[in-house]
Amino acid sequence: MAESDWDTAILAAQRRGEDVETSKKWAAGQNKQHSITKNTAKLDRETEELHHDRVTLEVGKVIQQGRQGKGLTQKDLATKINEKPQVIADYESGRAIPNNQVLGKIERAIGLKLRGRDIGKPIEKGPRAK
């Protein structure tokens, strides 16, 4: 039934004095997983005072050098850290919005620091906290 058919049936039942229970389900029948929230829309319209921080080119170069030093392609590195190759390309080119989880995985895979003061220095392998 089309929505107008439902409206007509409901009105007819109400005129006859029958009990009619209607309830609108929130976002029923709509694909809401890709809806844009106000904050997302604001950040999409980036301005000078309101913008996403991007990975610096320094970090991108360190990722690229570390990856090449291990003989890995972008695809190999992406597979190793369970990310898409485009993610690695975005980080290397400085287009990516930094994500500490992704940066941590890349650091461990290439063995170089990407965060803090010692960017580009090897990661010291110490005892892991339990």
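From the N terminus on, the elements of this protein run α-α-α-α-α-α. The model is a predicted one, with six helices and zero strands. Of its 130 residues, 22% count as buried. Among contacts with a separation of 6 or more, residues 24 or more positions apart account for 44%.

**Packing of α3 and α5**

- Helix α3 covers residues 57-69 and helix α5 covers residues 85-93; their axes come within 6 Å of each other.
- The two axes cross at roughly 125°. This angle falls outside the range of 65 to 115 degrees for roughly perpendicular and is not over 145, the limit for roughly antiparallel, so α3 and α5 are oblique to each other.
- On the α3 side, the contact is made by Leu57, Gly60, Ile63, Gln64 and Arg67.
- On the α5 side, these residues meet Ile88, Tyr91, Glu92 and Ser93.
- By residue class, the contact of α3 with α5 divides into four nonpolar, three polar and two charged residues.

**Glu92**

- Glu92 lies in helix α5 and is one of the residues that meet α3.
- Its relative accessible area is 10%. Glu92 is therefore buried, since the cut-off is under 20%.
- The side chain of Glu92 is joined to that of Gln74 by a polar contact of 2.7 Å.
- With neighbours within four places in sequence left aside, Glu92 is in contact with Gly60, Ile63, Gln64, Arg67 and Gln74.
- Of these partners, Gly60, Ile63, Gln64 and Arg67 also appear on the α3 side of the contact between α3 and α5.

**The largest nonpolar core**

- In soluble globular proteins, nonpolar side chains tend to be buried together.
- The largest nonpolar core in this model has 18 residues.
- Ile63, Leu77, Tyr91, Ile106 and Leu114 are the residues with the most contacts inside this core.
- Two or more residues of the core come from each of α3, α4 (74-80), α5 and α6 (100-110).
- Helix α6 gives the largest share, five residues.

**Ile63**

- Ile63 is among the α3 residues that meet α5, and it is also one of the residues with the most contacts inside the largest nonpolar core.
- Not counting residues up to four places away in sequence, Ile63 touches Leu77, Tyr91, Glu92, Ile106, Ile110 and Leu114.
- Leu77, Tyr91, Ile106 and Leu114 from that list are likewise named among the core residues with the most contacts.
- The contact between Ile63 and Glu92 links the core residue Ile63 to the buried charged residue Glu92.

Methods:
Residues numbered from 1 in each chain as written. Predicted model: local features only at pLDDT ≥ 70, side-chain atom pairs only at ≥ 80, totals over all residues. Heavy atoms only, no water. Axes fitted to C-alpha atoms, helices over the stretch in contact; angles between N-to-C directions. Helix = DSSP H or I, 4+ residues; strand = E, 2+ residues; numbered from the N terminus. Parallel < 35°, antiparallel > 145°, perpendicular 65-115°, else oblique. Contact = heavy atoms within 4.5 Å. Buried < 20%, exposed > 50% of the residue type's maximum accessible area, 1.4 Å probe, protein only. Polar contact = N/O pair within 3.5 Å; in protein donor to acceptor, adjacent residues only side chain to side chain. Core = buried A, V, L, I, M, F, W, Y, C linked by side-chain atoms within 4.5 Å.
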